[in-house]
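Please read the report below alongside the sequence and the model. It begins with one strand and then turns to pairing, core, salt bridges and overall composition.

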Amino acid sequence: MQAVLPYTGTGKSIHVKRNIKRAKMSKFEVGDKAIKPKGYAFPCTVVGVFETLAGNTRVVGEMDEYGLLHIFNETQLEKVTDE
């Protein structure tokens with residue numbers, strides 16, 4: 001079933017595909033602190049976790065210092081635990 005959003009003024013309506021499958025569990029939740037252990041440094045807070053249309057998990061991290069948003073594969077980040 002597709003949801004149709006209100007008219008956008010562009011002459012086209014927007015169709016949204018509803019994903020009725022149960023989402024896979026992720027090792028991250030919104031609010032988790034994470035780092036990118038390989039390559040460039042990216043200390044961040046997880047602000048989104050979603051599944052692509054292909055079924056792959058993606059994690060949106062907001063860089064702590066600059067507020068930059070970046071979408072990562074789940075395997076590219078590690079949780080930071082309070083010690």
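Five of the seven residues of E5 are buried, so this strand is largely enclosed by the rest of the structure. Buried here means under 20% relative accessible area, exposed means over 50%, and partly exposed lies in between, with a 1.4 Å probe and protein chains only. Helices (H or I, at least four residues) and strands (E, at least two) are DSSP runs, numbered from the N terminus.

This is a predicted model, in which local features need pLDDT of at least 70 and side-chain atom pairs count only at pLDDT 80 or more, while totals for chains, interfaces and linings use all residues. Residues are numbered from 1 along each chain as its sequence is written, and side-chain values use heavy atoms, with hydrogens and water left out.

**Strand pairing around E5**

Two strands are taken to pair if DSSP finds at least two bridges between them. E4 and E5 pair in the antiparallel sense over seven bridges, and within this pairing Gly-48 stands opposite Val-60 in E5. E5 is also joined to strand E6 (residues 69-73) by five bridges, again in an antiparallel arrangement, and here Val-60 stands opposite Ile-71 in E6. Val-60 therefore has Gly-48 opposite it in one pairing and Ile-71 in the other, given the bridge-based meaning of pairing. The hairpin of E4 and E5 has five residues between the strands, and Gly-55 takes a positive phi near 90 degrees there. In the hairpin of E5 and E6, which has five residues between the strands, it is Gly-67 that takes a positive phi, near 80 degrees.

**The nonpolar core**

A nonpolar core is a set of buried Ala, Val, Leu, Ile, Met, Phe, Trp, Tyr and Cys residues joined through side-chain atoms within 4.5 Å. The largest one has nine residues, namely Phe-28, Ala-34, Phe-42, Cys-44, Val-46, Val-59, Met-63, Phe-72 and Leu-77. Strand E4 (44-51) and strand E5 (57-63) each supply at least two residues of this core. In soluble globular proteins, nonpolar side chains tend to be buried together. With neighbours within four places in sequence left aside, Leu-77 is in contact (heavy atoms within 4.5 Å) with several residues, including Phe-28, Ala-34, Cys-44, Val-59 and Phe-72.

**Salt bridges**

The structure holds two salt bridges, each defined by a side-chain nitrogen of Lys or Arg within 4 Å of a carboxyl oxygen of Asp or Glu.

| Salt bridge | Closest N to O | Separation in sequence |
|---|---|---|
| Lys-79 and Asp-32 | 3.7 Å | 47 residues |
| Asp-64 and Lys-33 | 3.7 Å | 31 residues |

The pair of Lys-79 and Asp-32 links strand E7 (residues 78-79) to the loop between strand E2 (15-17) and strand E3 (33-35). Lys-79 counts as partly exposed at 46% relative accessibility, whereas Asp-32 is buried, with a relative accessible area of 18%. In the other pair, Asp-64 lies in the loop between E5 and E6 and Lys-33 in strand E3. Asp-64 counts as partly exposed at 42% relative accessibility, and Lys-33 counts as partly exposed at 40%.

**The chain overall**

The secondary structure of the protein chain comes to zero helices and seven strands. Buried residues make up 23% of its 83 residues, and among contacts between residues at least 6 apart in sequence, 33% join residues at least 24 apart.
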